[in-house]
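Here is a short set of exercises with worked solutions. Have a look at the model first, then try each task before reading on.

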Amino acid sequence: MFNIVCRTDPISGKDLSNITGLPNVIHRGDETSLTIYFESENNRHAYLEMPVEHPTSEHSVNLDNPTDEMIDEG
């Protein structure tokens, strides 16, 4: 399994040089995993409380542009 390690706290944006003992979250997929480290447990909790968006689950969106705005008439 391939593991990606993120040493930048996604809440504070701080680069974390020493990750030993820091709170983390591990997201696992079939072939890869992602480990994200946080500078505090509060930041980890804030990250876990963020709502997750699923843009591909909305199949009623039509990306077609039926107007004539971008058509070259020449």
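**Exercise 1. Asparagine 43 and its surroundings**

Task: find which residues asparagine 43 touches, not counting residues up to four places away in sequence, and decide whether asparagine 43 is buried or exposed.

Solution. Please keep in mind that this is a predicted model.
- Step 1: with residues up to four places away in sequence set aside, asparagine 43 touches Asp9, Ile11, Ser12 and Phe38.
- Step 2: place the residue in the fold. Asparagine 43 belongs to helix 1, which spans residues 41–49.
- Step 3: read the accessibility. Asparagine 43 has 13% relative accessibility, and the limit for buried is under 20%. Asparagine 43 therefore counts as buried.

**Exercise 2. The overall layout**

Task: list the elements of the protein chain from the N terminus on, and state how many helices and strands there are.

Solution.
- Step 1: the count gives 1 helix and 3 strands.
- Step 2: their order along the protein chain is β-β-β-α.
- Step 3: turn to burial and surface. The protein chain has 74 residues, of which 16% count as buried. About 6300 Å² is exposed by the protein chain, with carbon and sulfur atoms supplying 50% of that area.
- Step 4: consider the contacts with a separation of 6 or more. Among these, 45% come from residues 24 or more positions apart.

**Exercise 3. Building the sheet**

Task: work out in what order the 3 strands are arranged in the sheet, and why one side of strand 1 and of strand 2 is left without a neighbour.

Solution.
- Step 1: the 3 strands make an open sheet, ordered 1-3-2, with mixed pairing.
- Step 2: strand 1 and strand 2 (24–28) are at the edges and have a single partner strand each, so each has one side without a neighbour in the sheet.
- Step 3: from one strand to the next, the twist averages 15°.
- Step 4: take the pairings in turn. Strand 1 pairs with strand 3 in the parallel sense over 5 bridges, and isoleucine 4 stands opposite leucine 34 of strand 3. Strand 2 and strand 3 run antiparallel and are joined by 5 bridges; here valine 25 has isoleucine 36 in strand 3 as its bridge partner.
- Step 5: look at the connection. Strand 2 is joined to strand 3 by a hairpin through 3 residues.
- Step 6: add the helix. Helix 1 lies across strand 2 and strand 3, and runs at about 35° to strand 2.

**Exercise 4. Two residues of strand 1**

Task: describe the accessibility of valine 5 and of cysteine 6, then find what each residue contacts beyond its neighbours within four places in sequence.

Solution.
- Step 1: valine 5 lies in strand 1, and so does cysteine 6, in the run of residues 2–6.
- Step 2: valine 5 has 40% relative accessibility and counts as partly exposed. Cysteine 6, with a relative accessible area of 26%, is also partly exposed.
- Step 3: beyond neighbours within four places in sequence, valine 5 is in contact with Ile19, Thr35 and Tyr37. For cysteine 6, the corresponding list is Leu34, Thr35, Ile36 and Tyr37.
- Step 4: check two C-alpha distances. Cysteine 6 and threonine 35 are 29 residues apart along the chain, with 6.1 Å between their C-alpha atoms. Valine 5 and isoleucine 26 are 21 residues apart in sequence, and their C-alpha atoms are 9.2 Å apart.

**Exercise 5. Serine 33 and an aromatic pair**

Task: identify the side chain with which the side chain of serine 33 makes a polar contact, and then find how many aromatic pairs the whole structure has.

Solution.
- Step 1: serine 33 sits in strand 3 (residues 32–37) and is buried, with a relative accessible area of 7%.
- Step 2: its side chain makes a polar contact of 2.8 Å with the side chain of asparagine 3.
- Step 3: not counting residues up to four places away in sequence, serine 33 touches Met1, Phe2, Asn3, Ile4, Ile26, His27 and Arg28.
- Step 4: searching the whole structure gives 1 aromatic pair. Phenylalanine 38 and tyrosine 47 form this tilted pair, at 5.3 Å centre to centre and with 50° between the planes.
- Step 5: phenylalanine 38 has 0% relative accessibility and counts as buried.

Conventions: Residues numbered from 1 in each chain as written. Predicted model: local features only at pLDDT ≥ 70, side-chain atom pairs only at ≥ 80, totals over all residues. Heavy atoms only, no water. Helix = DSSP H or I, 4+ residues; strand = E, 2+ residues; numbered from the N terminus. Buried < 20%, exposed > 50% of the residue type's maximum accessible area, 1.4 Å probe, protein only. Contact = heavy atoms within 4.5 Å. Areas by Shrake-Rupley, 256 points an atom, 1.4 Å probe, with all protein chains shown as cover. Phe/Tyr/Trp six-rings, centres within 6.5 Å; stacked < 30°, edge-to-face > 60°. Polar contact = N/O pair within 3.5 Å; in protein donor to acceptor, adjacent residues only side chain to side chain. Pairing = 2+ DSSP bridges. Axes fitted to C-alpha atoms, helices over the stretch in contact; angles between N-to-C directions.
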